[in-house]
Amino acid sequence: MAVPAFLAISGFLVLQSYAESGAWGVFLRKRALRILPALLVSLALCLVLFDLRAAYNSFLNWITGGIYTLPGIANGPLWSLAWEEVAYLVLAGLWVIGAYKRPFTIWALLALSLLICWVTLGIDPHTRMILFLGPAFFIGNLMYLYRDALLKIHPIVPWIFFYIMLQWRFVPDANLMGGAFLLMVQAFAVVWAGMAGARIIPFKLPDLSYGVYIYHMPIILFLFTRFNITTLPSMLLLLAASVIPLCLASWYLVEKPALRLKKKSATINKAYTVAATSQ
C-alpha cells in the first residue's frame, strides 16, 4: 500500500501546486522540472551499472506504467511515475472544468474509483494496484479541499489515527472491498499526519525522498548481481552507504537547480500576469 499512500500525498500537494500556479502550462512545467531531471539520471545509472538493455527496460517500465517490460533487469519503482503523471493531467482537466469548485464531483469520482476496485477483485495484483491509485489520489484532493476543517482538529489526533492505521491491517474489516477499505484508511491517515505539522526532526533536511525512491532499486540489483549480497543487514548497510551520497549529489547538482528554474518560471508568469492585468 506504499504507492497508493504516496499518490494520496501527491493528490494533496499537487492540487496545492496547481492552485498556486494559475495556469495549466505553468503547472505542467513545474511538474516536469521536479520529475524528469532525476528520472533521466536514474536511467543513466542503469546504463552505467548494467547495460543499454537495462536502461531501455527501465524506460519501458516507466513509460508503460509497468504494464510492459522485457525480461531482465529493470528499475521497477519507475512504473508508478507514469501513473503519477497521468494523475497530473487528470487534475489539470478537472481544474479546467471547475470540478474543484464543486467538491461533490470529486466525491463522486472517489466513489466511482472505489466501485471499480470492488468489482475487479479477480484481476492480477499489479493492475489492481494501479486501480488503487485513483481513490488514493482523490482522497488527497479532498483533504486539500477540506484542509481548513481538518487543521482545526488538535494535532495529536492525526497521529493517534496514524497509529490506528498501522494496526488496521490486523482488523478483519481491512479486507473489505478487496483491500480498498484499508487503502482509504491508510491514504487518509498518512496525509492527515503530514498536515498536522509536527516537526519530528528539528532541522531542515534536503529533499532526498524522490531520489531514494528512484535510485534504490538499481543499487540493490547491482549489489545482488555483481557482489552476491544476499543478507539483509549487509544489503541495508551497503545500500545506505551508496544511495545516500548518490541522493545528496542528485539533490544539489540536479534536482535543486531544476527547482530554481521552477521558481524562476513562476516569477516570470506572475510578472506577466500583473502586466497583462494592468493593460
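Angles under 35 degrees between helix axes count as roughly parallel, over 145 as roughly antiparallel, 65 to 115 as roughly perpendicular, and the rest as oblique. The exercises below apply this scheme and related criteria to a predicted model.

**Exercise 1. Helices α1 and α9**

Determine how the axes of α1 and α9 are oriented to each other, and describe the residues in the contact.

Solution.
- Step 1. The axes of α1 and helix α9 (residues 180-195) come within 9 Å and cross at roughly 50°.
- Step 2. This angle falls in none of the three named ranges, and α1 and α9 are therefore oblique to each other.
- Step 3. The handedness of the α1 and α9 crossing is right-handed.
- Step 4. On the α1 side, P4, A5, A8, I9 and F12 make the contact, and on the α9 side L183, A187, V190, V191 and M195 do so.
- Step 5. Sorted by class, the contact of α1 with α9 holds 10 nonpolar residues, with no polar and no charged ones.

**Exercise 2. Helices α1 and α6**

Classify the crossing of α1 with α6 and give the composition of the contact by class.

Solution.
- Step 1. Helix α1 spans residues 2-21 and helix α6 spans residues 125-145; their axes come within 7 Å and cross at roughly 40°.
- Step 2. Because of this angle, α1 is oblique to α6.
- Step 3. The α1 and α6 crossing is right-handed.
- Step 4. From α1, the contact draws on V3, P4, L7, A8, S10, G11, F12, L15, Q16 and A19. From α6, the partners are M129, F132, L133, A136, F137, G140, N141, M143, Y144 and L145.
- Step 5. By class, the contact of α1 with α6 has 15 nonpolar and five polar residues, and no charged residues.

**Exercise 3. Helices α2 and α4**

Establish the relative direction of α2 and α4, and state which classes of residue occur in their contact.

Solution.
- Step 1. The axes of helix α2 (residues 24-49) and helix α4 (residues 79-96) come within 11 Å, with a crossing angle of roughly 175°.
- Step 2. The angle is over 145 degrees, so α2 is roughly antiparallel to α4.
- Step 3. The contributors from α2 are W24, F27, L28, R31, I35 and L39; those from α4 are L81, E84, E85, Y88, L89, L91 and A92.
- Step 4. The contact of α2 with α4 comprises 10 nonpolar, no polar and three charged residues.

**Exercise 4. Surroundings of P135 and L150**

For P135 and L150, decide whether each is buried or exposed, and list the contacts of each beyond its sequence neighbours.

Solution.
- Step 1. P135 is found in helix α6. With a relative accessible area of 0%, P135 is buried.
- Step 2. Between P135 and S113 there are 5.6 Å from C-alpha to C-alpha, although they are 22 residues apart in sequence.
- Step 3. Apart from neighbours within four places in sequence, P135 is in contact with L110, S113, L114, C117 and L183. Of these partners, C117 is itself buried, with a relative accessible area of 0%.
- Step 4. L150 lies in helix α7 (residues 147-151). Its relative accessible area of 14% is under the 20% cut-off, so L150 is buried.
- Step 5. L150 and A196 are separated by 46 residues in sequence and by 8.7 Å in space, C-alpha to C-alpha.
- Step 6. Once neighbours within four places in sequence are set aside, the contacts of L150 are M143, F188, W192 and M195.

**Exercise 5. Backbone at N228**

Locate N228, characterise its phi, and state whether N228 is buried or exposed.

Solution.
- Step 1. N228 sits in the loop between α10 (209-227) and α11 (232-278).
- Step 2. Most residues other than glycine have a negative phi.
- Step 3. Phi of N228 is near 55°, a positive value in a residue other than glycine.
- Step 4. A relative accessible area of 57% is over the 50% limit, so N228 is exposed.

**Exercise 6. The chain as a whole**

Summarise the secondary structure, burial, contact range and disulfide count of the chain.

Solution.
- Step 1. The chain has 11 helices and zero strands.
- Step 2. Of its 279 residues, 40% count as buried. C46 is a buried residue, with a relative accessible area of 1%.
- Step 3. Among contacts in the chain with a separation of 6 or more, 70% are between residues 24 or more positions apart.
- Step 4. A disulfide requires a pair of cysteine sulfur atoms within 2.5 Å. By this rule the count is zero disulfides.

Conventions. Residues are numbered from 1 along each chain as its sequence is written. This is a predicted model: local features need pLDDT of at least 70, side-chain atom pairs count only at pLDDT 80 or more; totals for chains, interfaces and linings use all residues. Side-chain values use heavy atoms; hydrogens and water are left out. Axes are lines fitted to C-alpha atoms, for helices over the stretch in contact, and angles run from 0 to 180 degrees between N-to-C directions. Helices (H or I, at least four residues) and strands (E, at least two) are DSSP runs, numbered from the N terminus. A crossing is left-handed if the near helix is turned anticlockwise from the far one by less than a right angle, and right-handed if clockwise. Contact means heavy atoms within 4.5 Å. Ala, Val, Leu, Ile, Met, Phe, Trp, Tyr, Cys and Pro count as nonpolar, Asp, Glu, Lys and Arg as charged, and the others, Gly among them, as polar. Buried means under 20% relative accessible area, exposed over 50%, partly exposed in between (1.4 Å probe, protein chains only).
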